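Good morning, and thank you for the time. I would ask you to look at the sequence and the structure together while I speak.

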Amino acid sequence: MTEAGALAPTDAVILRRTPVGESDLIVALFTRDHGRVSAVARGARRSRKRFPAGLEMLAVLSVTLGRRRRGSELWSLDGAELVDDHRGLALDPIGLGHASYALELVRELAPPEAPDPGLLDHVVELWRALAAGPSPALLRGFELALCAELGSAVVLDACAACGAHQLGVGAVFDPARGGAVCGACAARSTGLGVRPLDEDVRAYLRAVAAVPLAAAPQIAVEADVRLGARDAMLGVITHLVGHPLTTLEFVTQVHGGLAGR
Ligand SMILES: [Zn+2]
């Protein structure tokens, strides 16, 4: 029996934690049943009774939300139990950066209170795969899956503008138009991040999109193609988010001279 007004427990990941007052936390959550919500966890920083596992990032929690007051956007977080712990990823700065990048993308791109269980599954799939070691291929696979899940699938098999399957001479990759753009349509691709379409990059991204995420690091790829794929997908993500991502700066700093690792 749940207390009056409480909802059934649902799996969730924490997207952001913001301390409030002396003992409360406001958490941005992505939940399986309700999508992205903000909730206040009263006393979370003082007592561990209701939140024995703590309200940590990089873990799947089973959370119990209380109903909101009328007119408020803030839910109450009444309880949380640890379901699936990925906090070990934080031991490696690159793993932490990649795992946090996924959370930032969900925070920025998931519409509020729109249930999308597939999105939660993609995050957990990425975290599981990262346990075997960070790899840029995992980020590319996650980005492609996320875009598709959000209805903005990156177009790689045809022209994103006219649908032609023959891309022809002068084809470009245009993040704002959704992916590959054929030579005939390319004249109108003048926005940020437009680059000549590299056939090897296109083939690589298609290969990554076609396999289960955990298999993506096994796809053979030359360093310049890997970097081209990274730049193309970062163009897409930056276009969708509309501003630079903080975890990306962190990852870049950690990588230092190992750009694209
Ligand atoms: Zn076209």
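Let me begin with a question: is Asp157 buried, partly exposed or exposed? Please bear in mind that we are looking at a predicted model. In this model Asp157 has a relative accessible area of 42%. That value lies between the limits of 20% for buried and 50% for exposed, so Asp157 is classed as partly exposed.

The partner of Asp157 is Arg206, and the two form a salt bridge with their closest N and O atoms 2.6 Å apart. This pair connects distant parts of the chain, since Asp157 sits in the loop between α3 and β6 (172–174), while Arg206 belongs to helix α4 (residues 199–210), 49 residues apart. Arg206 is likewise partly exposed, at 39% relative accessibility.

I turn next to the other salt bridges. The search of the whole structure finds eight of them, and I shall describe two more. Arg32 pairs with Asp121, and here the closest N and O atoms are 2.7 Å apart. Because Arg32 is in the loop between β2 (24–31) and β3 (35–41) and Asp121 is in helix α2 (residues 117–130), this salt bridge ties together parts that are 89 residues apart in sequence. Arg32 is partly exposed, with 27% relative accessibility, and Asp121 is partly exposed as well, with a relative accessible area of 38%.

The pair of Glu143 and Arg140 lies within one element. Their side chains meet in a salt bridge at 2.8 Å, N to O. Both residues belong to helix α3 (residues 136–149), and because they are three residues apart there, about one helical turn separates them. Glu143 and Arg140 are both buried.

Finally, the metal site. Which residues coordinate the zinc ion? The donors are the SG atoms of Cys159, Cys162, Cys182 and Cys185, at 2.3 Å. Along the sequence these donor residues follow the spacing C-x2-C-x19-C-x2-C. The angles among the four donor atoms run from 102 to 113°, and the site of the zinc ion is tetrahedral. For reference, the ideal angle for four tetrahedral donors is 109.5 degrees.

Two of these cysteines can be set side by side for accessibility. Cys159 is buried, at 4% relative accessibility, whereas Cys162 is partly exposed, at 46%.

To close, I return to the pair with which we began: Asp157 in its loop and Arg206 in helix α4, joined by a salt bridge. Thank you; I welcome your comments.

Note on methods. Residues are numbered from 1 along each chain as its sequence is written. This is a predicted model: local features need pLDDT of at least 70, side-chain atom pairs count only at pLDDT 80 or more; totals for chains, interfaces and linings use all residues. Side-chain values use heavy atoms; hydrogens and water are left out. A salt bridge is a side-chain nitrogen of Lys or Arg within 4 Å of a carboxyl oxygen of Asp or Glu. Helices (H or I, at least four residues) and strands (E, at least two) are DSSP runs, numbered from the N terminus. Buried means under 20% relative accessible area, exposed over 50%, partly exposed in between (1.4 Å probe, protein chains only). Donors are N, O and S atoms within 2.8 Å of the metal (3.2 Å for Na, K and Ca); water is not among the atoms, so sites may look incomplete. Four donors count as tetrahedral if all angles lie between 85 and 135 degrees; four count as square planar and six as octahedral if opposite donors are over 155 degrees apart and all others between 65 and 115; anything else is irregular.
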